[in-house]
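Got a minute to go through this one with me? I have a list of questions, and I'd like the reasoning along with each reply.

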Amino acid sequence: MRKVRWFLVVGIALLLANVSGFVGLPKDGSSGSVAQAQETGIESKKIVPFVPTPQEVVEGMLELAQIKKGDVVYDLGSGDGRIVITAAKKYGVKALGFEIDPDLIRESRENIRNEKLENLAEIREQDILTVDLSPASVVTMYLLPSVNLQLRPKVLSQLKPGTRVVSHAFDMGDWKPDKVINVNGRTVYLWVINNKAAQ
Ligand SMILES: C[S@@+](CC[C@H](N)C(=O)[O-])C[C@H]1O[C@@H](n2cnc3c(N)ncnc32)[C@H](O)[C@@H]1O
């Protein structure tokens with residue numbers, strides 16, 4: 001009987017400790033190490049914070065790319081999906097966004113559904129450093145100078161001649177852009193893939 005009482009006391013104490021947060025287990029029932037590993041995985045892959053491109057700059061980027069019927073637009077790090085949505089809505093082209101942040105993936109997919117653009121616009125959960133760029137005819141990005149440089153070898157080796165690469169704010173090091181414009185104080189760069197040997 002004394003043993004049963006002892007088990008009860010210890011059991012209740014552990015229960016209270018967990019409910020009040022003293023025992024460091026997540027309250028969603030998952031094991032701490034798995035939850036932490038998942039969180040760390042996302043954080044370590046997220047190499048650029050979410051800062052949205054102002055809508056007028058989005059419009060300027062897509063105009064600079066001279067989007068035409070049949071184009072396939074890839075936005076690397078698609079945030080809330082505004083570039084993908086604008087490309088699909090304004091130009092009627094297929095547009096894919098690649099994003100790693102689960103909240104932004106959810107939000108951008110919801111934005112696509114709200115605009116009824118599911119047939120043209122799509123968000124894929126994928127690290128931009130692993131994306132096969134070859135199906136794209138337009139690639140847009142608002143990343144960081146170091147990330148642009150990381151992507152540059154892939155851009156040059158995978159993209160077909162004629163593909164337009166448009167970057168908000170950041171250049172590609174010593175790869176000279178074909179055109180640079182200013183939209184409301186923001187710099188936008190354009191490169192057109194041509195003779196790869198020359199680049
Ligand atoms: C500066 S925001 C640009 C968002 C959007 N393209 C725009 O112009 O409004 C960069 C985005 O890249 C995403 N990102 C960062 N690292 C990533 C990675 N490794 N793979 C995919 N997306 C990533 C961020 O979550 C963020 O949404």
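What follows is a chat about the fold, the sheet, the ligand shell and a few residues.

Reader: Before the details, what kind of model is this, and how many helices and strands does the protein have?
Author: It's a predicted model. From the N terminus on, the elements go α-α-α-β-α-β-α-β-β-α-β-β-β. Tallied up, that's six helices and seven strands.

Reader: In what order do the strands sit in the sheet?
Author: The sheet is open and its pairing is mixed. Neighbouring strands are turned by 20 degrees against each other on average, ignoring direction. The order reads S3-S2-S1-S4-S5-S7-S6.

Reader: Which strands stand at the edges?
Author: Look for strands with a single partner, because those have one side left without a neighbour in the sheet. The two that fit are S3 (121-125) and S6 (179-183).

Reader: How do S6 and S7 run where they are joined, parallel or antiparallel?
Author: There are five bridges between S6 and S7. As a landmark, Ile181 stands opposite Val188 in S7. The two strands run antiparallel.

Reader: Now S5: how many of its residues are buried?
Author: S5 covers residues 164-168. One side carries Arg164, Val166 and His168, the other Val165 and Ser167, and both faces are covered. The buried count is five of five.

Reader: What is the bridge partner of Thr140 in S5?
Author: S4 (residues 138-141) and S5 run parallel, with four bridges joining them. In S5, the residue bridged to Thr140 is Val166.

Reader: And what is the hand of the crossover from S4 to S5?
Author: This is a β-α-β crossover. Between S4 and S5 the chain passes through helix H6, residues 145-158. The crossover comes out right-handed.

Reader: What stands opposite Val165 in S7?
Author: S5 pairs with S7 (residues 186-192) in the antiparallel sense, over five bridges. Opposite Val165 you'll find Trp191.

Reader: Which strands does helix H5 touch where it packs on the sheet?
Author: H5 spans residues 102-114, and its direction makes about 165 degrees with that of S3. The strands touched by H5 are S2 and S3.

Reader: Which elements do the buried residues of H3 pack against?
Author: H3 takes in residues 55-64, and its buried residues are Val57, Val58, Gly60, Met61, Leu62 and Leu64. Just after H3, Gln66 takes a positive phi of about 50 degrees. The buried residues of H3 pack against H4, S4, S5, S6 and S7.

Reader: Over to the ligand: which elements give two or more residues to the shell around the ligand?
Author: The ligand is surrounded by 24 residues, with Thr53, Gly77, Gly79, Ile100 and Tyr142 the closest. By class, the shell has 12 nonpolar, five polar and seven charged residues. The elements giving two or more residues are H4 and S2.

Reader: Is Ala87 buried or exposed?
Author: Ala87 lies in helix H4. Leaving out residues up to four places away in sequence, Ala87 touches Leu62, Ile67, Val73, Val93 and Ala95. A residue needs 20 or more C-beta neighbours within 10 Å to count as buried. Ala87 has 30 inside 10 Å, so the call is buried.

Reader: What separation do the C-alpha atoms of Ala87 and Val73 have?
Author: Ala87 and Val73 are 14 residues apart along the chain. Val73 is also among the residues that Ala87 touches. Their C-alpha separation is 7.4 Å.

Reader: Which residues is Glu115 in contact with, leaving aside its neighbours within four places in sequence?
Author: Glu115 sits in the loop between H5 and S3. With 15 other C-beta atoms within 10 Å, Glu115 is partly exposed. Its C-alpha atom is 9.9 Å from that of Ala88, 27 residues apart along the chain. The contacts of Glu115 are Ile85 and Lys89.

Reader: Last one: of the contacts with a separation of 6 or more, what share comes from residues 24 or more positions apart?
Author: For the protein as a whole, buried residues make up 32% of the 199 residues. As for contacts with a separation of 6 or more, residues 24 or more positions apart account for 66%.

Notes
Residues are numbered from 1 along each chain as its sequence is written. This is a predicted model: local features need pLDDT of at least 70, side-chain atom pairs count only at pLDDT 80 or more; totals for chains, interfaces and linings use all residues. A residue is buried if 20 or more other C-beta atoms lie within 10 Å of its own, exposed if 12 or fewer, and partly exposed in between; C-beta atoms are placed from the backbone. Two strands pair if DSSP finds at least two bridges between them. A crossover is right-handed if, with the strands pointing away from the viewer, the path from the first strand over the helix to the second runs clockwise. Axes are lines fitted to C-alpha atoms, for helices over the stretch in contact, and angles run from 0 to 180 degrees between N-to-C directions. Two residues are in contact if their C-beta atoms, placed from the backbone, lie within 7 Å. A residue is near a molecule or strand if its C-beta atom, placed from the backbone, lies within 6 Å of it. Ala, Val, Leu, Ile, Met, Phe, Trp, Tyr, Cys and Pro count as nonpolar, Asp, Glu, Lys and Arg as charged, and the others, Gly among them, as polar.
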